[in-house]
Amino acid sequence: MKKQVICWTVFPLLCILLLFLSVEAQTCSPSGKIKGKTPPPGQCNQENDSDCCKDGKWYTTYKCSPPLSSQTKATLTLNSFERDGDGGAPSECDNQYHSDDDPVVALSTGWYNNGKRCLKYINIHGNGKSVRAKVVDECDSTMGCDSDHDYQPPCPNNIVDASKEVWKALGVPENDWGEMDIYWSDTD
């Protein structure tokens, strides 16, 4: 406590800078790396231009996502939630597959928040439009390059992985589907 008083009375501008930096430091940092391995033949589904792990390449992992706000910036990606789609296993929230004609999403590990957003809706804003989508899965930022993750790398920490219906509802031309900057928020 004594050090804080000295800081504020002797170096107020330095204290403000340190306070700002400590708030900035609360953003999400990498938690580790995993080494990729070549998937067995035919085991990595590349539907929707999904990446497959590469042997020897190191992939960054995260246990967190950037802080939430009323309009959280994210990257929208394309995913199939159907059986035999590039999403791999059934959705984490309900152990079911979902039609790509339904507005459903998977969130990066931190935003998925141990399933606390499961089967709840979020608002997605992009391309001048908005859509309401149901959270049905986690886009795992902590693991990857194995059969459970369809031999795909770990998800970045800022992903909203969306069905085709979400892309359609945002009015994005099909040839532009894949990756897009968006904002999202929890619904009321």
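Where does Arg 117 lie? In the loop between α3, residues 109-112, and β5. I'll come back to that residue. One caution before the tour: this is a predicted model.

Let's start with the overall picture. The protein has four helices and eight strands. Along the sequence, the pattern reads α-α-β-β-β-β-α-β-β-β-α-β. The protein has 188 residues, and 38% of them are buried. Now the contacts. Take those between residues at least 6 apart in sequence: 72% of them join residues at least 24 apart.

Next, the barrel. Six strands close into it. The order is β3-β7-β4-β6-β5-β8, and the pairing is mixed. On average, neighbouring strands of this sheet are turned by 45° against each other, ignoring direction. As a reminder, strands of a sheet pair through backbone hydrogen bonds, either parallel or antiparallel.

Let's walk round part of it, beginning with β3. This strand covers residues 72-78. Six of its seven residues are buried, so β3 is largely enclosed by the rest of the structure. What does β3 pair with in the parallel sense? With β7, residues 159-162, over four bridges. On that side, Thr 75 stands opposite Ile 159. β3 also pairs with β8; those two run antiparallel and are joined by six bridges. There, the partner of Thr 75 is Asp 181. So much for Thr 75.

Move on to β7. Ile 159 and Asp 161 point one way from the strand. Val 160 and Ala 162 point the other way. Buried or exposed? All four are buried. β7 also pairs with β4, residues 104-108. These two run antiparallel, with three bridges between them. One of the matched pairs is Val 105 in β4 with Ala 162 in β7.

Now to β5 and β8. β5 spans residues 121-126, and β8 spans residues 179-186. Four bridges join them, and they run antiparallel.

His 125 is a useful stop here. This residue is found in β5. Its bridge partner in β8 is Tyr 183. How exposed is His 125? Partly: its relative accessible area is 24%, and the cut-off for buried is under 20%. The side chain of His 125 makes a polar contact with the side chain of Ser 130, at 2.5 Å. Leave aside neighbours within four places in sequence, and His 125 is in contact with Gln 71, Ser 130, Ile 182, Tyr 183 and Ser 185. Here is one more distance. His 125 and Lys 73 are 52 residues apart along the chain, yet their C-alpha atoms are separated by 9.5 Å.

While we are at β5, look at Tyr 121. Arg 132 lies over the face of that ring, at 3.9 Å from the ring centre.

Back to Arg 117, as promised. Its relative accessibility is 10%, so Arg 117 counts as buried. What does its side chain meet? The side chain of Asp 186 makes a polar contact with the side chain of Arg 117, at 2.8 Å. Arg 117 has further neighbours too. Not counting residues up to four places away in sequence, it touches Leu 68, Leu 107, Trp 111, Tyr 112, Val 135, Trp 184 and Asp 186.

Two names on that list deserve a closer look: Trp 111 and Trp 184. A pair of aromatic rings is described by the distance of the centres and the angle of the planes. The count here comes to one aromatic pair. Its ring centres, those of Trp 111 and Trp 184, are 5.3 Å apart. The planes stand at 65°, and over 60 counts as edge-to-face, so this pair is edge-to-face. Which parts of the chain does the pair link? Distant ones: Trp 111 sits in helix α3 and Trp 184 in strand β8, 73 residues apart. Both partners are buried. Trp 111 has a relative accessible area of 1%. Trp 184 is at 0%.

To wrap up, keep two spots in view. The first is the loop with Arg 117, a buried residue that touches both Trp 111 and Trp 184. The second is His 125 in β5, partly exposed and bridged to Tyr 183 in β8. Thanks, that's it from me.

Key. Residues are numbered from 1 along each chain as its sequence is written. This is a predicted model: local features need pLDDT of at least 70, side-chain atom pairs count only at pLDDT 80 or more; totals for chains, interfaces and linings use all residues. Side-chain values use heavy atoms; hydrogens and water are left out. Two strands pair if DSSP finds at least two bridges between them. Axes are lines fitted to C-alpha atoms, for helices over the stretch in contact, and angles run from 0 to 180 degrees between N-to-C directions. Buried means under 20% relative accessible area, exposed over 50%, partly exposed in between (1.4 Å probe, protein chains only). A polar contact is a pair of N or O atoms within 3.5 Å; within protein, one must be able to donate a hydrogen and the other to accept it, and residues adjacent in sequence count only if both atoms are side-chain atoms. Contact means heavy atoms within 4.5 Å. Rings of Phe, Tyr and Trp (its six-membered ring) pair if their centres lie within 6.5 Å; planes under 30 degrees apart count as stacked, over 60 as edge-to-face and the rest as tilted. A charge sits over a ring if NZ of Lys or CZ of Arg is within 6 Å of the ring centre and within 35 degrees of the ring normal.
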